[in-house]
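The exercises that follow are meant to be worked with the coordinates open. Please try each task before reading its solution.

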Amino acid sequence: MTDFGAIRGKVVVITGGARGIGLATATALQALGAKIAIGDVDEVTVKESGTTRGFEVFGRLDVTDQQSFEAFLDEVEKQLGPIDVLINNAGIMPTGRLVDESDVITRRILDINVYGVILGSKLAIARMLPRGRGHVINIASLAGETHIPGLATYNASKHAVLGFTDTLREEYRGTGVRFSSILPTLTKTELGSGVNPPKVLRPAEPEEIADAIAKVIVEPRSKVRVTAVAGAISQVVGLLPESWGDALGRALGAQSAFLDDVDSAARKAYESRVRGNGG
């Protein structure tokens with residue numbers, strides 16, 4: 001049984017905290033006694049979410065802009081004190097074939113999903129190292145351990161997050177600063193709208209991801225996969241000969257889940273937001 005008492009009083013910053021996994025995590029950690037700061041590029045929604053739930057700090061945060069990120073962290077520390085945990089959660093997942101993906105969208109995915117994580121980690125480490133404590137938790141994806149047609153650039157971005165986080169874990173071993181990756185399967189948030197999950201892989205609830213994050217704060221681990229079944233399949237596929245792993249993926253429906261099987265109408269609002277103002 002995990003003792004969540006250690007979370008009480010911790011200052012936790014969550015990017016992309018206005019909705020989805022970020023908001024579910026903020027809500028769960030607040031209930032455990034943490035002091036919560038959420039930032040999001042969607043200024044209207046982040047203010048609504050922060051006000052409704054009574055988070056201590058909330059406001060606009062563009063994870064691709066160093067000045068915006070630095071100013072947000074400064075404000076958090078001014079109001080709440082030293083940051084104990086940074087959760088780099090902001091991310092986008094446009095779907096479709098690579099040849100149809102504009103250069104603008106390619107750069108947007110990489111800017112938010114990769115550069116935003118690198119920038120946030122860098123800024124947090126600079127604050128945590130002198131104190132000899134802190135925890136950076138990067139939200140990756142099981143897509144970062146496999147390859148899924150229709151998500152080529154997204155897959156690449158999450159592979160990058162995993163490699164980056166593992167490297168930091170070794171680079172700063174012994175400093176008191178911890179690094180963890182959370183690898184969710186397809187989750188029931190707006191990001192996954194209109195997507196029919198592959199066979200036998202039920203989508204996760206955002207609260208399941210939030211629970212995994214809470215546990216890793218208390219009991220740090222390098223990687224946590226959610227759900228257990230999806231995580232096990234991902235690891236098994238990675239160990240199989242290439243032709244076997246690819247065949248298993250096709251048998252589970254991964255070949256079309258993010259392409260021909262996508263409900264474009266149900267996904268239209270999300271795709272429009274992340275290709276324009278959202279993040």
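**Exercise 1.** In which hand, left-handed or right-handed, does α3 pass α4 in their crossing?

*Solution.* The model is a predicted one, and in it the crossing of α3 past α4 is right-handed. As a next step, take the geometry of the pair: helix α3, residues 66-80, and helix α4, residues 103-128, have axes 10 Å apart and pack at an angle of about 40°. Because this angle lies neither under 35 degrees nor in the range 65 to 115, α3 is oblique to α4.

The last step is to list the residues that make the contact: α3 contributes Gln 66, Phe 69, Glu 70, Leu 73, Asp 74 and Glu 77, while α4 contributes Gly 116, Leu 119, Gly 120, Leu 123 and Arg 127. Sorted by class, the contact of α3 with α4 comprises four nonpolar, three polar and four charged residues.

**Exercise 2.** Determine whether Thr 185 counts as buried or exposed, and find its contacts beyond four places in sequence.

*Solution.* Begin with the location of Thr 185, which is in the loop between β6 (177-184) and α6 (206-218). Its relative accessibility is 14%, so Thr 185 counts as buried, the cut-off being under 20%. With neighbours within four places in sequence set aside, Thr 185 is in contact with Leu 142, Arg 202, Ala 204, Val 226, Thr 227 and Ala 230.

**Exercise 3.** Carry out the assignment for Thr 189, buried or exposed, and list its contacts.

*Solution.* Thr 189 is located in the loop between β6 and α6, and with 17% relative accessibility it therefore counts as buried. When residues up to four places away in sequence are not counted, Thr 189 touches Gly 20, Ile 21 and Pro 206.

How values were computed: Residues are numbered from 1 along each chain as its sequence is written. This is a predicted model: local features need pLDDT of at least 70, side-chain atom pairs count only at pLDDT 80 or more; totals for chains, interfaces and linings use all residues. Side-chain values use heavy atoms; hydrogens and water are left out. Helices (H or I, at least four residues) and strands (E, at least two) are DSSP runs, numbered from the N terminus. Buried means under 20% relative accessible area, exposed over 50%, partly exposed in between (1.4 Å probe, protein chains only). Contact means heavy atoms within 4.5 Å. Axes are lines fitted to C-alpha atoms, for helices over the stretch in contact, and angles run from 0 to 180 degrees between N-to-C directions. Angles under 35 degrees count as roughly parallel, over 145 as roughly antiparallel, 65 to 115 as roughly perpendicular and the rest as oblique. A crossing is left-handed if the near helix is turned anticlockwise from the far one by less than a right angle, and right-handed if clockwise. Ala, Val, Leu, Ile, Met, Phe, Trp, Tyr, Cys and Pro count as nonpolar, Asp, Glu, Lys and Arg as charged, and the others, Gly among them, as polar.
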